[in-house]
Structure formats: C-alpha cells, structure tokens
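Trainee: Could you take me through one part of this model in close detail, and then show me how it sits within the rest of the chain? I would like to begin with a single charged side chain and its partner.

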Amino acid sequence: MILKNKIKSILLLSIFIGVFCFANISNAQAAKRTISSIVIDAQTGDVLYSRNADERRAPASLTKMMTLYITFNALDKGLIKMEDMLPVSHTAANRSPSRLGLKRGDKISVKDAIMALIVKSANDCATVLAEALGYSEDKFALTMTKVAKELGMKNTTFKNASGLPNRQQKSTARDLAILAAAIYHHFPQYYDLFSAKKFTYKGYTHYTHNHILKQFKGADGLKTGYTNAAGFNVATSAERNGHRVIAVTMGHNTAKEREKKVANMMNNSLTKLALADDIPTPTLYAQTADIASSKPTKITDKNWGVQVGAFSNYAKARNYALSIRQQVNSPEVRQSQVDIEPAKKGAAIVYRSKLVGFKKNEADKTCNRLKKSNKSCIVVAMEKNQQLAMADNK
C-alpha cells in the first residue's frame, strides 16, 4: 500500500513538473516574440506606419486570405459557382481545430466554405477549397506561393491553405498588407463578405473572432489568426471620411493586446490622412479650368495618360486603375493619378479607367510594359478632344 502511494505521488509530481516546464517554455516563447506591424493607405499603397514589417514569421490563419483570394479569382473566372457543392475528403475532415466539424463524404457549398473561413476560420473548409481548386493541398500551396510572388509578396512561402503550423510557412506584415489590398482592389464584389459578424450552418450560428469589427468605427474586415508559434495576428481594414487604411500586426501575446495595437495604429493613420486633407498640395496640371474651357491650355508636358480599361461600374473602374498602379514597379506609374472618365455608349454609361500625368515617352513605355503582361491599354492625349494613340511598338 505504501509502495502504491509512493508511485502515485511520483506520477503526480512528474505531471506537475511537465505542466510547469511546458508553461515556462510557452512563456519563454512569448517573451522572445517581437511585434511586426504595418499600416498602408489602401488607395495609394503609401506606408503610414511600420515596425519590423519585413520580419518573416508564421502567418497563422492570415494564410486563409490567400486561399480566399484564389477562390475569388476562380469565382470571377467562372471556374466555380457559389452554389457548387464540394466534397469533403478524409484529410479535410481530420484537420485540427478550428473547424466546422465536417465529416468524410459530406458536401458543402462554396459559399458556406468561404463564410466558414471568414467567420469561423475553419481549417477543414480551407482544405476542402484547396482540394477543389488544386487537386491536393500540397499542389494548392504551390499555387498560393506563385500567386504571392505575382502580387509582389517577396518574402512569403505557403505550405498549406489554412495556416496550421509548418516551419517553412512564412510571411511578413508587409506582404500580408499587400495581399489584403489585393483582395480589396481586385475583388470588390466579394470584399463585403469580410464584414460578416456571424455565420449559420446547419442550424448552428458561429460568431467572428474579429472583435475589431465591433470595436472600431469604420472597420469592415479582414482576418484574425493564432497559433502558439505565431502569437495573435490580425489583418484588417477601416474607412473614415473617404480614407481607407489596411493594417497588419503580428506576434501579440493576447487577443486583447492585438486589438488594442491595431486600433491605435489605424486611428493614428486615419487621423494623419485627415489632417493631410487640410494641407494644399500642387497639382500636376491645372486641368479643372483648362480642360473645361474651349481652348485647352498646355501647362506641362506631362499631359498624357494610359487608359487601362472601361467598366460599367465606377468603383470597378477606379479599383482596377489603382491595382494597375500598384502592380507596375516604376516611379512614373507610382506618381501617376487615377482618372475615371464617364462616357456614353448607346443608352449606357461606361467608365474609362486611366492613369494620367505622364510624358508621351513615359506613357508609351508604361503601356508597352502592360502589354507584355497581357494587359490591354491605349495611350491617351489629355486634352479637350481626347485623341487616342496606340503605344509605339518598340
């Protein structure tokens, strides 16, 4: 009896020591973490605040933003539809939490899988989408990394669709801000989904982990994330008084700390943008009066533009021009202005999407670069009777 009691005491002591050591290891990991943060102006891409923004680290469930970006692209191209029913594999059904609780052999609609990623951060649904679009999650991860590079995410490698721990899966605050901006600009028709605070599936309602949606005025998405290795992460966006910012902060020890940090970052940045509105800035050319007059006056030789598209919707026209300006890596393009010109086409109105403020040779060069990337464009003379000129073939 005495021997049994001794063995029991030793076992209890071993368990206590194990728990104590694990807690100390976790606390040590938390103490070593640095915070990575960035805020950008969503319209211009200008960095408004950054701290360790290029430090490579585990993205956790912020990874799901790329899974959603690729899903939105497939929807936009008609490869899948919101109502399509996707099969649930053994692999998907056995993903670690957080998950929706799907079982092997189940089917779930694309729409429900998307909402489960956004609201519930469901890892099983991330795998369902990955397998539907990439045949296997490993192959889908290769596509994720390829798309990341195409978007300018220079320091990102994806290994799965969910953000579950993998030592090789790394990103940065800057790269994830680029991804969030790409979602906003490239897929405005789906961006509103990120503002959902709850989601009901088979009679059960799930509530968002993104408390910034409720706590910060103007916040409307995107995604939170957490693993023990990553800490508490968030990528979010907010709009006030015509200004929109995108913020990412990573590596926090608690959700409360993360939310306080991102709220302060966005509030300071939005205040900075509002104050800048009160400071007069010179324009490239005095176009308001001159273009409206019957005799246009040439103020500068930067009176050429590049028309990159025409849309039936003003917001799409503007967002597309902004995305093109973000993609082309040249000082002339980054300094150009977005100009959306409404024009009648029969009984309808189309919106011509342009980047303006170029010299003629700069406009030609920009258009040629776009064509090499399989993007259509024409060079436009920015005068009263706008003359179109095809880019010189070089």
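Mentor: Aspartate 364 is a good place to start: in this predicted model its relative accessible area is 2%, so the residue counts as buried, the limit being under 20%. Its side chain is not without a partner, for aspartate 364 meets the side chain of lysine 360 in a salt bridge, with N to O at 2.8 Å. Both residues belong to helix H14, which covers residues 360–372, and because they are four residues apart there, about one helical turn separates them. The two ends of this bridge differ in their surroundings: lysine 360 is partly exposed, with a relative accessible area of 26%, whereas aspartate 364 is buried.

Salt bridges can also share partners, and one network of this kind joins Asp220, Glu239 and Arg244. Altogether the structure holds nine salt bridges.

Now set the pair in H14 beside a bridge that runs between two strands. Arginine 352 and glutamate 341 form a salt bridge whose closest N and O atoms are 3.6 Å apart. Arginine 352 sits in strand S12 (residues 348–358) and glutamate 341 in strand S11 (residues 337–345), so this pair links distant parts of the chain, with the two positions 11 residues apart in numbering. Here both partners are partly exposed: the relative accessible area is 31% for arginine 352 and 21% for glutamate 341.

A third bridge spans a longer stretch of sequence. Aspartate 54 and arginine 174 meet through their side chains at 2.7 Å, N to O. Aspartate 54 lies in the loop between strand S2 (47–51) and helix H2 (64–76), while arginine 174 is in helix H7 (residues 173–186), and the two are 120 residues apart. Aspartate 54 is partly exposed at a relative accessible area of 41%, and arginine 174 is partly exposed too, at 28%.

Arginine 174 brings us to H7, which has a helix partner of its own. Packed helices are described by the angle and the distance between their axes. The axes of H7 and helix H12 (residues 314–327) come within 8 Å and cross at roughly 145°. On the H7 side the contact involves Tyr184, His185 and His186, and on the H12 side Asn319, Leu322, Ser323 and Gln327. Sorted by type, the residues of this contact are two nonpolar and five polar, with no charged ones.

For a stretch made of buried nonpolar residues, look at strand S13 (residues 378–381). Ile378 and Val380 point one way from S13, Val379 and Ala381 point the other way, and all of them are buried. S13 pairs with strand S10 (residues 304–311) in the antiparallel sense, over four bridges. Within that pairing, valine 306 stands opposite valine 379.

Finally, the whole chain gives these details a frame. It has 14 helices and 14 strands, and buried residues account for 46% of its 394 residues. Of the contacts between residues at least 6 apart in sequence, 61% join residues at least 24 apart. The chain exposes about 20,700 Å², with carbon and sulfur atoms supplying 53% of that area. Against this background, you can return to aspartate 364, a buried residue whose salt bridge partner, lysine 360, is partly exposed.

Methods
Residues numbered from 1 in each chain as written. Predicted model: local features only at pLDDT ≥ 70, side-chain atom pairs only at ≥ 80, totals over all residues. Heavy atoms only, no water. Buried < 20%, exposed > 50% of the residue type's maximum accessible area, 1.4 Å probe, protein only. Contact = heavy atoms within 4.5 Å. Areas by Shrake-Rupley, 256 points an atom, 1.4 Å probe, with all protein chains shown as cover. Salt bridge = Lys/Arg side-chain N within 4 Å of Asp/Glu carboxyl O. Axes fitted to C-alpha atoms, helices over the stretch in contact; angles between N-to-C directions. Pairing = 2+ DSSP bridges.
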